[in-house]
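Hi everyone, thanks for making time this morning. I'd like to walk you through one structure, so let's put it up on the screen.

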Amino acid sequence: MKIYAVGGAIRDTLMGLPVHDIDYVVVGSSVEGMIALGYRPVGKDFPVFLHPETQAEYALARTERKTGKGYKGFMFYADPTVTLEQDLERRDLTINAMAQEVGEDGQWIGPILDPYNGQEDLAAKIFRHVSDAFAEDPLRLLRIARFAARFPEFTVAPETMDALKAIVQSNELSALSAERIWQELARGFTAIKPMRMLQVLLDTGAAKTLLPSAFTVNLAKEEYREDLIAHFHAVDSGLEDRCAVVLMHLPANEIRSWAECVKIPNDVRDFSEIFSELNLLIEKTAHTTGGAYQAVDVLAWFNRADVWRKPERGHALLKLAQQIGLPVTVLIDAVQKAQSLNTAEIIAGVPAEDRANGESIRSAVDVARLSAISAALKH
């Protein structure tokens, strides 16, 4: 029995990047053998075990055969006769198909085992798939797109781009779970250059299946892509900000529809919807009043964003708009003035006989806020 560190851990070590997770593969053992050594079985689809002391995951070397649709449509075969090379052959990219033996003390020993020339592709900064089986797993398209965002200096090999297009043409993307689609997209949105992920999805034709249709139409325009790149560069890597920038030109109802399709977390969805409505307010103001905000419209957006109960979110939305160059300085001043009002004093000013009427109180507060906003807009 031999144990190897494989995949991303080897790749990141060679690239001088920190290694957070290590995948271990065991060659020459069996389920019974692992259990006899004290490992605890936890794998549902294939044999994975937890180390009795470190609780790290160890998987038996395995091969796989396509038996159905999607990334779960595989039958796995694992026994002591499966070699390391066979296990590495089923992996996605050559740069992820390298291994190094792990000694009894847990240290990596000996040379890097690289049967598919991953080190050459790493040096040349190329994403190249290992075998023809690559196109059988639709999840790999999203993984490569996400890798493109994480490692923007890499290019996709022509033959691998053809394999990605074959995945799209197979219609197997429809077999991916909404949760897994969002998981990969979210990691790409928060990577170094998320536009690289979107470009791969566009170039392979996957954008039509995985992204909102109206956004995909815009993405095909070079000017739009350039603006999006500039926006990504201007904001930090937070998921809410990145997602809001991507969806800012879509109506809120279309954002909600897509959010339901890919199971976007509610807070990220809400942030994107409200930001798109802010962008709509800015565009409306530019086209109808020459850039002069109307207090009633501003109050309506403040209420929509619920800047009264969620001031941090309101601040984050306006900060994001400012970072990408939208004219919101006067709105920042207006929200600060409106938020500084003493609502207790406003309520005290409502006639006693009307204070039990919630509508009267809301109206009085809105009038005071509208006045404060109007004063801020005039400066």
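Let me start with a quick one for you: which residue in β9 stands opposite Val 102? That is Trp 108. Before I go on, please keep in mind that this is a predicted model.

So, where does that pair sit? Strand β8, residues 99–102, is joined to β9 by three bridges, and the two strands run antiparallel. Besides the pair I just asked about, Ala 99 has Leu 113 in β9 as its bridge partner. Between β8 and β9 there are five residues, which makes this a hairpin. Have a look at Gly 106 in that hairpin, where phi is positive, near 90°.

Now let's zoom out to the sheet. It is an open one with seven strands, and if you read across it you get β3-β4-β5-β2-β1-β8-β9. The pairing in this sheet is mixed. Which strands are at the edges? They are β3, covering 40–41, and β9, covering 108–113, and each of these pairs on one side only.

From there, let's move to β2, which gives us both kinds of pairing. On one hand, β2 pairs with strand β1, residues 2–6, in the antiparallel sense, over five bridges. Ile 3 is a handy residue to click on here, with Val 26 as its bridge partner in β2. On the other hand, β2 pairs with strand β5, residues 57–60, in the parallel sense, this time over three bridges. For that pairing, pick Tyr 24, whose bridge partner in β5 is Tyr 58.

Is β2 mostly covered or mostly open? Mostly covered: this strand spans residues 23–27, and four of its five residues are buried. As a general reminder while you turn the view, side chains in a regular strand alternate between the two faces of the sheet.

Let's finish with two helices. Helix α12, residues 239–247, is mostly covered, with seven of its nine residues buried. Among the buried ones are Asp 241 and Arg 242, along with Cys 243 and Leu 247.

The other helix is α11, residues 222–234, and Asp 227 lies in it. On the surface, Asp 227 gathers with Glu 222, Glu 223 and Glu 226 in a patch of negative charge. Why do we call Asp 227 partly exposed? Because its relative accessibility is 41%, and partly exposed covers the range between under 20% for buried and over 50% for exposed.

That's my tour, and I'm happy to rotate the view for anyone who'd like another look.

How values were computed
Residues numbered from 1 in each chain as written. Predicted model: local features only at pLDDT ≥ 70, side-chain atom pairs only at ≥ 80, totals over all residues. Heavy atoms only, no water. Buried < 20%, exposed > 50% of the residue type's maximum accessible area, 1.4 Å probe, protein only. Pairing = 2+ DSSP bridges. Patch = residues over 30% accessible without salt bridge, like charges linked within 9 Å, V, L, I, M, F, W, Y side chains within 5 Å. Areas by Shrake-Rupley, 256 points an atom, 1.4 Å probe, with all protein chains shown as cover. Salt bridge = Lys/Arg side-chain N within 4 Å of Asp/Glu carboxyl O. Lys, Arg positive; Asp, Glu negative; His and termini not counted. Charge placed at Lys NZ, Arg CZ, Asp CG, Glu CD.
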